[in-house]
Structures are given as C-alpha cells and as structure tokens.
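Open your viewer, keep the selection box handy, and follow along one stop after another. Here is the model we will walk through.

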Amino acid sequence: MASQNLKHRTTTTGEDASISTGTGTGTGTSNKSKRERNMGTAKRGLRSLAVAVSVPLSLTLASIYLGSSHSHGSLPKPFWFLPLWALHVLCMASSFLMGLSAWLVWAEGGFHRNPTALSLYLAQLGLSFVWNPIVLGAGATRVGLVVCLAMFGALTRCYWIFKEVNPIAADLTKPCLAWAAFLSIVNLKLLFV
C-alpha cells in the first residue's frame with residue numbers, strides 16, 4: 001500500500017509538460033509551494049552568507065581600530081612596503097575571502113564532516129585579528145612574526161581541508177595564503193628596521 005504513494009520522475013512532453021509545470025490547465029499549487037520553499041531556502045542562504053562575511057570583516061575593522069596607535073608611517077621602510085591604508089584594505093579583502101570560503105565549506109557540510117576545518121578557520125581568524133594590534137599597535141614585531149607564521153600554517157591547512165570539500169573555497173584561500181606570506185616578509189623586514 002505504501003507503493004501507491006510513490007511517484008516516479010518521468011520525462012513529459014507537450015500537454016503533459018504544461019500540466020506538470022503549472023502552465024496549462026493544472027492548478028500549479030505544488031509548484032507554487034515549491035517556489036516558496038526555494039525562496040525561503042535562498043533567503044536563509046543569503047542571511048548565513050551575510051553573517052559569514054560580516055563577522056570576519058567586523059573583527060578586521062576592530063583589529064584595525066585597535067592597532068592604529070603605533071606610528072607605522074614614521075618607521076624607515078623599503079620602497080615595496082605598502083602604505084597603511086592599502087595594508088588595511090588588503091587585510092579586509094583577505095578576511096572577506098576567507099569568510100566566503102568558510103561559508104562555501106559550511107554550505108557543503110564540511111565543518112560537520114571535519115570539525116578540524118572549523119577549528120583551523122577560527123584559529124586563522126583569531127590570528128589575523130591579533131596581528132594588527134600586535135605589530136602596528138604595540139610594535140612587537142617578533143611576536144607578530146610568530147603570529148604571521150602560525151596564520152600561514154593555519155591557512156595552508158585550511159586550503160587542503162577546504163579543497164576536499166569545495167574546490168572553489170580552496171581557490172578563494174589562495175590569495176589569503178599569498179597575503180599571509182607577504183605579511184610575514186613585511187614583518188621579518190620590520191625586525192631589522
């Protein structure tokens with residue numbers, strides 16, 4: 001008796017297709033409710049994406065605010081050092097990309113299947129949050145170098161775990177890896193300035 005309630009997906013043509021899609025003489029109520037369900041899912045997805053991106057961006061802005069007391073501009077620097085505003089913009093871009101990447105992994109269920117991915121992402125997020133106040137706020141470049149190297153290690157591991165779940169998320173991690181490597185070089189150079 002349960003087999004009577006089963007429905008098979010079939011290919012329809014002509015008049016049958018217009019009835020099944022709700023464009024013909026059929027009522028189309030099932031398609032309307034399906035569309036409403038899809039809209040609800042899309043809205044929840046957009047909300048979760050907004051949270052996944054806004055939290056890292058907010059933390060980065062707070063980090064920039066906390067780390068703005070040190071006079072970065074007065075230090076003698078090589079020509080390839082970025083101005084402070086560019087450093088801040090690129091930090092925000094990196095946090096945006098990592099938030100987007102983490103959301104893609106979360107949407108695929110990667111954090112549930114591999115909880116290490118979440119802890120590595122959170123470690124990377126925390127390390128990127130503290131780098132700016134440590135180096136630019138307190139001027140502790142040695143500690144900042146250790147933080148940069150740990151952040152690079154966490155990002156590298158995130159890349160490999162994210163690659164197993166979603167290749168696009170892993171690709172979004174690559175610019176963040178390059179940014180962490182550049183910050184490490186800048187930080188190393190600040191040790192000898």
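Is L100 buried, partly exposed or exposed? Select L100 and show its surface: L100 is partly exposed, with a relative accessible area of 21%. The cut-offs here are under 20% for buried, over 50% for exposed, and partly exposed in between, using a 1.4 Å probe and protein chains only.

Before moving on, note that this is a predicted model, in which local features need pLDDT of at least 70, side-chain atom pairs count only at pLDDT 80 or more, and totals for chains, interfaces and linings use all residues. Residues are numbered from 1 along each chain as its sequence is written, and side-chain values use heavy atoms, leaving out hydrogens and water.

**The whole chain**

Switch to a cartoon view. The protein chain has seven helices and zero strands, giving the pattern α-α-α-α-α-α-α along the sequence. Helices (H or I, at least four residues) and strands (E, at least two) are DSSP runs, numbered from the N terminus. Of the 193 residues in the chain, 34% are buried.

**Contacts across the sequence**

Go back to L100, which sits in helix α3, and add P56. These two are 44 residues apart along the chain, and their C-alpha atoms are separated by 9.7 Å.

Next, select V165 in helix α6. V165 is buried, with a relative accessible area of 17%. Add A107: V165 and A107 are 58 residues apart in sequence and 9.9 Å apart in space, C-alpha to C-alpha.

Stay in helix α6 and pick R142. R142 is exposed, with a relative accessible area of 66%. Its partner for this stop is L188, 46 residues away along the chain, with 8.0 Å between the C-alpha atoms of R142 and L188.

Now move to T116 in helix α5. T116 is partly exposed at 39% relative accessible area. From T116 to R157 the C-alpha distance is 9.5 Å, across 41 residues of sequence.

**A patch on the surface**

Select V51, V55 and L59, which make a nonpolar surface patch of about 220 Å². Patches are made of residues with over 30% relative accessible area and no salt bridge, joining like charges within 9 Å and nonpolar side chains (Val, Leu, Ile, Met, Phe, Trp, Tyr) within 5 Å. The areas come from the Shrake-Rupley method with a 1.4 Å probe, and for residues only the protein chains shown count as cover. V55 lies in helix α2 (residues 29-66) and is partly exposed, with a relative accessible area of 40%.

**The largest pocket**

How much space lies in the largest pocket? About 230 Å³. It has 14 lining residues, and the closest to its centre are S48, V51, A52, A102 and Y121. The elements giving two or more residues to this lining are α2, α3 (84-107) and α5 (115-137), and α2 gives the most, with five residues. By class, the pocket lining has twelve nonpolar, two polar and no charged residues. Here Ala, Val, Leu, Ile, Met, Phe, Trp, Tyr, Cys and Pro count as nonpolar, Asp, Glu, Lys and Arg as charged, and the others, Gly among them, as polar.

On a 1 Å grid over the protein atoms alone, a pocket is an open set of points with protein on both sides within 12 Å along at least five of seven lines, while a cavity is a set where a 1.4 Å probe fits but cannot get out; lining residues have an atom within 4 Å of a point. Points are joined across faces, edges and corners, and a volume is the space filled by probe spheres set on them.

**The largest cavity**

The whole structure has two cavities of 30 Å³ or more. In the largest cavity there is about 200 Å³ of space. Select C91, S94, S128, M151 and W179, the closest to its centre of the 21 lining residues. Helices α2, α3, α5, α6 (141-165) and α7 (167-191) each give two or more residues to this lining, with α5 giving the most, six. The lining of the largest cavity divides into 13 nonpolar, eight polar and no charged residues.

**The salt bridge**

For the last stop, show the side chains of K174 and D171, which meet in a salt bridge (3.4 Å, N to O). The structure holds one salt bridge, the term meaning a side-chain nitrogen of Lys or Arg within 4 Å of a carboxyl oxygen of Asp or Glu. K174 and D171 are separated by about one helical turn, because they are three residues apart in helix α7. K174 is partly exposed at 42% relative accessible area, and D171 is partly exposed at 42%.
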